[in-house]
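Q: Could you take me through one part of this model up close? I'd like to hear how the helices pack there, residue by residue.

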Amino acid sequence: MKVKLFLLSFIFIFFSCDLFIQKGEDFIGKPEMIEIEIAEQTVIDERKWTLFIYMCADNNLESSAIEDMYEMECSNLNTDETTVVILLDRSPLYNSSNNNWTETKMYKLKSGCKENPKKILSEEIECKELGLVKDLDVELDMSDENTLSSAMQYVFNKYPASNLGLIMWGHGSGWKNDESENLNNYKGFAFDESSSSYMSLPKFGIALEKGLEGKKLDFLGFDTCYGAELEVLYELKDYVKYACGSEGLISTDGWNYTKLFNSFQISEKKNANDLLDACLVQFSETYTNSSRASFCVCDVSKIDSYFKTFDNFMALCGHNIVNSNIRDSVFEKIYASNDCNTERYTYGKDGYDIYLDCYSLCENLTQYFCSQIITEAFHNFSQAENECVLNSWASDRDRGGIGVYFQTLSTGGLIQTFYNSNYIKGKAYDQSKFVMDSNGYVPNVNLSESFLDKLFYTKY
């Protein structure tokens, strides 16, 4: 009887062990298969973020891109929790490091270097969807929206995570999308010298829509100039939860990724708010002694209300410009007078654009008109701004914010008296959502009472 019981017990234990081995438990037998299954499952379970950096350095920012790669590798970021993938496009002209390769490569970040490695140590990975294969030189056009969308699809499907993030790295000029203009002014994003082109704002939106395949980015960062513009945020509002960037110019050094990733790594929850805070902290610490540096963190779900209250406010101001004297006084108040305190951002050179801080612009106009209806409209806008702008910083004033395009400088640094057709509602085909939806701010092909029509096109 004892023998039979022993045999039955042995048979039960044998089959139970076999069952556990198949589920990946740590039993003797098939150790290689078990180890692989556990390792792969751990990475998927613990990956809080996949962060994709679209590094457009096929231009005069190439050296800055290489230094930023080193900064990332010198961080303490736990790359099991936060997978960082970089698509880096280089130029043949500006930097000869790392064997002077000049094409496009994709890397999976390896962090933890104790000092500047002086050589990219991250793992080069293949992306056959883009034709990227090791030991094969491939030059991608980073300005092509299909490059961005295909790369996003590959990265976010290959490395699924609880949170998805994108950093646009390189030159940026905000809203512009007229391909007939001088490319040296970097109109749009993702300027690519090898293809002599850039990605317009509407094409950027198309790339996000295709690349996300119905999902939303939890985080979008602009390591570019002119990223935190109303035109930009409004264009991308359906594809992004939170965004951050500068409404003005930033140094060619850009963000400090060692500070950013170290700050994020020690955060408690490692959610979107923690990542946004880390971005703002690194920027403010890096540029605290710089002139006219600013940074803005936005809840993009609130940008609709921000846009509507801003556009309504500007429509009321336009309606109150009824003669040339008021027009000239308004222009001086917001831009031209010596004591004008509207916050503005521009390179200050011929052909370059002028952006104004939205809050500063509206505040000055409220002071000028000093009417109850405009004061109430400003109050509504201020409430929307408080909900949309979660945090901000500026080096030489008490706040940063969201900017909006105002005009372009012509020869001799004078302000133009006309607008690009893409910024005139109804005049061009490939217009931004901001231009198409604005009734109170942008000019209209059929002369209207919009603010810019009243300033630049209306005859009194």
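A: Here's a walk around helix 9 and its contacts, with a look at another helix pair and the cavity afterwards. Keep in mind that this is a predicted model.

Let's start with helix 9, residues 303–319, and helix 12, residues 372–388. Their axes come within 9 Å and cross at roughly 160 degrees. Since angles over 145 degrees count as roughly antiparallel, helix 9 and helix 12 are therefore roughly antiparallel to each other. The crossing itself is left-handed. On the helix 9 side, the contact uses Ile 303, Ser 305, Tyr 306, Thr 309, Phe 310, Asn 312, Phe 313, Leu 316 and Cys 317. Facing them from helix 12 are residues including Ile 373, Ile 374, Ala 377, Phe 378, Phe 381 and Cys 388. By class, this contact has 13 nonpolar residues, 4 polar and 1 charged.

Now for the other partner, helix 11, residues 358–369. The axes of helix 9 and helix 11 come within 11 Å, crossing at roughly 35 degrees, and this crossing is left-handed. Helix 9 brings Tyr 306, Phe 310, Phe 313, Met 314 and Cys 317 to the contact. Helix 11 answers with Cys 358, Leu 361, Cys 362, Leu 365, Thr 366 and Phe 369. That contact comes out at 10 nonpolar residues, 1 polar and no charged ones. Tyr 306, Phe 310, Phe 313 and Cys 317 of helix 9 turn up in the contacts with both helix 12 and helix 11.

For another pairing, go to helix 4, residues 145–158, and helix 5, residues 201–212. Their axes come within 8 Å and cross at roughly 25 degrees, which makes helix 4 roughly parallel to helix 5. Helix 4 passes helix 5 in a right-handed crossing. Among the residues in contact are Leu 148, Met 152 and Phe 156 of helix 4, along with Phe 204, Ala 207 and Leu 208 of helix 5. The class split here is 7 nonpolar, 4 polar and 3 charged.

Last, the empty space. The structure holds 1 cavity of 30 Å³ or more, and the largest cavity has a volume of about 40 Å³. Its lining is made up of Thr 104, Lys 105, Met 106, Glu 124, Ile 125, Leu 132, Val 133, Lys 134 and Leu 136. Strand 3 (104–108) and strand 4 (123–125) each give two or more residues to that lining, with the largest share, 3 residues, coming from strand 3. The lining divides into 5 nonpolar, 1 polar and 3 charged residues.

Definitions and conventions:
Residues numbered from 1 in each chain as written. Predicted model: local features only at pLDDT ≥ 70, side-chain atom pairs only at ≥ 80, totals over all residues. Heavy atoms only, no water. Axes fitted to C-alpha atoms, helices over the stretch in contact; angles between N-to-C directions. Helix = DSSP H or I, 4+ residues; strand = E, 2+ residues; numbered from the N terminus. Parallel < 35°, antiparallel > 145°, perpendicular 65-115°, else oblique. Left-handed = near helix turned anticlockwise from the far one by under 90°. Contact = heavy atoms within 4.5 Å. Nonpolar A, V, L, I, M, F, W, Y, C, P; charged D, E, K, R; others polar. 1 Å grid on protein atoms, 1.4 Å probe; cavity = no way out; pocket = protein on both sides within 12 Å on 5 of 7 lines; lining within 4 Å. Points joined across faces, edges and corners; volume = space filled by probe spheres on them.
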